[in-house]
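Okay, thanks everyone for squeezing in. I'd like to walk you through one structure today, so let me get it up on the screen.

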Amino acid sequence: MHDDELLTVPDVMARLKLGRSTVYDLIRSRRLPSITIGRARRIPASALDRYIRHHLEEAA
């Protein structure tokens with residue numbers, strides 16, 4: 001995964017095995033950073049990696 005790769009909400013849903021509303025809740029609460037390009041929401045792959053690492057560290 002490249003740090004500059006931008007993921008769609010469905011990409012994030014598939015990688016985290018979560019539903020659409022849960023992913024949007026993470027974005028809305030700013031726990032998962034995202035950008036908007038036109039009407040499209042994109043999540044930097046590096047932000048998703050940080051989110052996953054943070055939760056793995058908390059669980060350890």
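I'll go through the sheet, then the helices, then a few odd backbone angles and the salt bridges.

One thing before we start: this is a predicted model, so please keep that in mind as we go.

Let's begin with the sheet. It's an open one, three strands, in the order β1-β3-β2, and the pairing is antiparallel. β1 and β2 sit at the edges with a single partner strand each, so one side of each has no neighbour in the sheet.

Now take the pairs one by one. β1 is residues 6-7, and it pairs with β3, residues 40-44, in the antiparallel sense over two bridges. If you want a residue to click on, try L6, whose bridge partner in β3 is P44.

On to β2, residues 35-37, which is joined to β3 by three bridges, again antiparallel. Here you can find I35 opposite R42, and T36 opposite R41. These two strands make a hairpin with two residues between them. And in that turn, G38 has a positive phi of about 65°.

Staying with those strands for a moment, what do L6, I35 and I37 form on the surface? They make a nonpolar patch, and together they have about 240 Å² of accessible area. L6 itself, which belongs to β1, is partly exposed, at 36% relative accessible area.

Okay, helices. I want to spend the time on α2, residues 20-28. Which of its residues are buried? They are V23, L26 and I27. If you look down the axis of α2, those buried residues fall within an arc of 100°, so they line one face of the helix. If you like the general reason, an α-helix has 3.6 residues a turn, so residues three or four places apart point the same way.

And what do the buried residues of α2 pack against? There are three elements: α1, which is 9-16, then β3, then α3, which is 45-59. So β3 turns up here as a packing partner for α2, as well as in the sheet with β1 and β2 on either side in the order.

Flip α2 over and, on the other side, S21 and R28 are exposed. R28 comes in at 60% relative accessibility, and the cut-off for exposed is over 50%, so that's why it gets the label.

R28 also has a partner. Its side chain meets that of D25 in a salt bridge, 2.9 Å from N to O. R28 and D25 are three residues apart in α2, which means about one helical turn separates them. D25 is partly exposed, at 37% relative accessibility.

How many salt bridges does the count come to? Two. The other pair to look at is E5 with R15, where the closest N and O atoms are 4.0 Å apart. E5 is in the segment before β1 and R15 is in helix α1, so this pair ties together parts that are ten residues apart in sequence. Both ends are partly exposed: E5 has a relative accessible area of 27%, and R15 has 39%.

Next, the backbone angles. Most residues other than glycine have a negative phi. So, with that in mind, have a look at two spots. K17, in the loop between α1 and α2, has a positive phi near 55°. K17 counts as exposed, at 70% relative accessibility.

Then there's R30, which follows α2 and lies in the loop between α2 and β2. Phi of R30 is positive too, near 65°. R30 counts as exposed as well, at 74% relative accessibility.

Last stop is R50, over in helix α3. R50 is partly exposed, with 45% relative accessibility. Where does R50 come relative to P33? Their C-alpha atoms are 9.9 Å apart, while the two residues are 17 apart along the chain.

If you'd like one view to keep, put α2 in the middle of your screen. You'll have V23, L26 and I27 buried, and S21 and R28 exposed on the other side. Okay, that's me done. Questions?

Key. Residues numbered from 1 in each chain as written. Predicted model: local features only at pLDDT ≥ 70, side-chain atom pairs only at ≥ 80, totals over all residues. Heavy atoms only, no water. Patch = residues over 30% accessible without salt bridge, like charges linked within 9 Å, V, L, I, M, F, W, Y side chains within 5 Å. Areas by Shrake-Rupley, 256 points an atom, 1.4 Å probe, with all protein chains shown as cover. Helix = DSSP H or I, 4+ residues; strand = E, 2+ residues; numbered from the N terminus. Buried < 20%, exposed > 50% of the residue type's maximum accessible area, 1.4 Å probe, protein only. Pairing = 2+ DSSP bridges. Arc of directions from axis to C-beta. Contact = heavy atoms within 4.5 Å.
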